[in-house]
Amino acid sequence: MASTKSNGFVSVSQWPNLEELSVGFDEHLMPTSFALVGETISIKFEGHALIIHHFETETLPKWEVITGPEKGLKGTNKYKAFEVRPGNFFIFYKPEFEEHVSLILNRSTGQVIAGLSRLDRTKAEQRTTTELVKFR
């Protein structure tokens, strides 16, 4: 059974830096997949934006918001993709702004779950927040 106990608030000054977090982490990752290279994936958020991802290279996808309030926003950002099961991918990238995007893609059904993580200031305390969005 999963624990639901919160670790409570941890001040930003007590967070480990990225160098400390990365020690030993990479050696436990599965191999990066390049199976998406050459593909274009369109993701329509329910009632929101349509975003098109062009995986033109092994490291830099181009993405563009086609519809919605952020229409016209686009970028090219480093990404990593892992094929966790045949046809099922975990993809993540960080746009230039304060947001991290994680995508879980099932190629056979077209289903996608997106995690949009960002820093949030609440009562002058900086916290992270993640919004999970399921779409097709």
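In this predicted model, Phe90 has a relative accessible area of 32% and is therefore classed as partly exposed, since that class lies between the 20% below which a residue is buried and the 50% above which a residue is exposed. The ring of Phe90 pairs with that of Phe92 in a tilted arrangement, with 5.7 Å from centre to centre and 40 degrees between the planes. Phe92, at 25% relative accessibility, likewise counts as partly exposed. Ring pairs also bring in Phe82, so that Phe82, Phe90 and Phe92 are linked into a cluster. On the surface, Phe90 belongs to a nonpolar patch that further includes Met30, Val84, Ile104, Ile113 and Leu132, and the accessible area of these residues together is about 530 Å². Leu132, one of the members of this patch, is placed in strand β9, which spans residues 125-135, and with a relative accessible area of 67% Leu132 is exposed.

The protein chain that carries these features contains one helix and nine strands, and the order of the elements from the N terminus is α-β-β-β-β-β-β-β-β-β, with the helix preceding the strands. Of its 136 residues, 26% count as buried. The chain exposes about 9800 Å², of which carbon and sulfur atoms supply 55%. Among the contacts with a separation of 6 or more, 23% are accounted for by residues 24 or more positions apart.

In soluble globular proteins, nonpolar side chains tend to be buried together. In the present model, the largest nonpolar core has 21 residues, and those with the most contacts inside this core are Leu36, Ile91, Leu103 and Leu105. At least two residues of the core are supplied by each of the strands β1 (39-44), β2 (50-55), β3 (62-67), β5 (79-85), β6 (88-93), β7 (99-106) and β8 (112-122). Leu103, when residues up to four places away in sequence are not counted, touches Ile43, His53, Phe89, Phe90, Ile91, Tyr93, Val112, Ile113 and Ala114. The neighbouring position, Ser102, lies in strand β7 and is buried because its relative accessibility of 17% falls under the 20% limit. With the same exclusion of residues up to four places away, Ser102 touches Phe90, Ile91, Phe92, Ile113, Ala114 and Gly115. Phe90, Ile91, Ile113 and Ala114 thus appear in the contact lists of both Leu103 and Ser102.

Strand β7 also holds Glu99, a residue that is buried, with a relative accessible area of 15%. Beyond residues up to four places away in sequence, Glu99 touches Lys94, Leu116, Ser117 and Arg118. Glu99 and Arg118 are 19 residues apart along the chain, and their C-alpha atoms are separated by 4.6 Å.

A pair of aromatic rings is described by the distance of the centres and the angle of the planes. The structure holds three aromatic pairs. In one of them, Phe55 and Tyr79 are arranged edge-to-face, with 5.0 Å between the centres and 65 degrees between the planes; the angle qualifies for this description because it is over 60 degrees. This pair links distant parts of the chain, with Phe55 in strand β2 and Tyr79 in strand β5, 24 residues apart. Phe55 counts as buried at 2% relative accessibility, and Tyr79 is buried as well, with a relative accessible area of 6%.

Side chains of opposite charge can pair when their charged atoms come close. Two salt bridges are present in the structure. In one, the side chains of Glu39 and Arg107 meet at 1.8 Å, N to O, and the pair links distant parts of the chain, given that Glu39 is in strand β1 and Arg107 is in the loop between β7 and β8, 68 residues apart. Both residues fall in the partly exposed class, Glu39 at 25% relative accessibility and Arg107 at 36%. A salt bridge is also formed by the side chains of Glu56 and Lys62, at 3.5 Å, N to O. Here Glu56 counts as partly exposed at 46% relative accessibility, and Lys62 counts as partly exposed at 39%.

Methods:
Residues numbered from 1 in each chain as written. Predicted model: local features only at pLDDT ≥ 70, side-chain atom pairs only at ≥ 80, totals over all residues. Heavy atoms only, no water. Helix = DSSP H or I, 4+ residues; strand = E, 2+ residues; numbered from the N terminus. Buried < 20%, exposed > 50% of the residue type's maximum accessible area, 1.4 Å probe, protein only. Contact = heavy atoms within 4.5 Å. Areas by Shrake-Rupley, 256 points an atom, 1.4 Å probe, with all protein chains shown as cover. Patch = residues over 30% accessible without salt bridge, like charges linked within 9 Å, V, L, I, M, F, W, Y side chains within 5 Å. Salt bridge = Lys/Arg side-chain N within 4 Å of Asp/Glu carboxyl O. Core = buried A, V, L, I, M, F, W, Y, C linked by side-chain atoms within 4.5 Å. Phe/Tyr/Trp six-rings, centres within 6.5 Å; stacked < 30°, edge-to-face > 60°.
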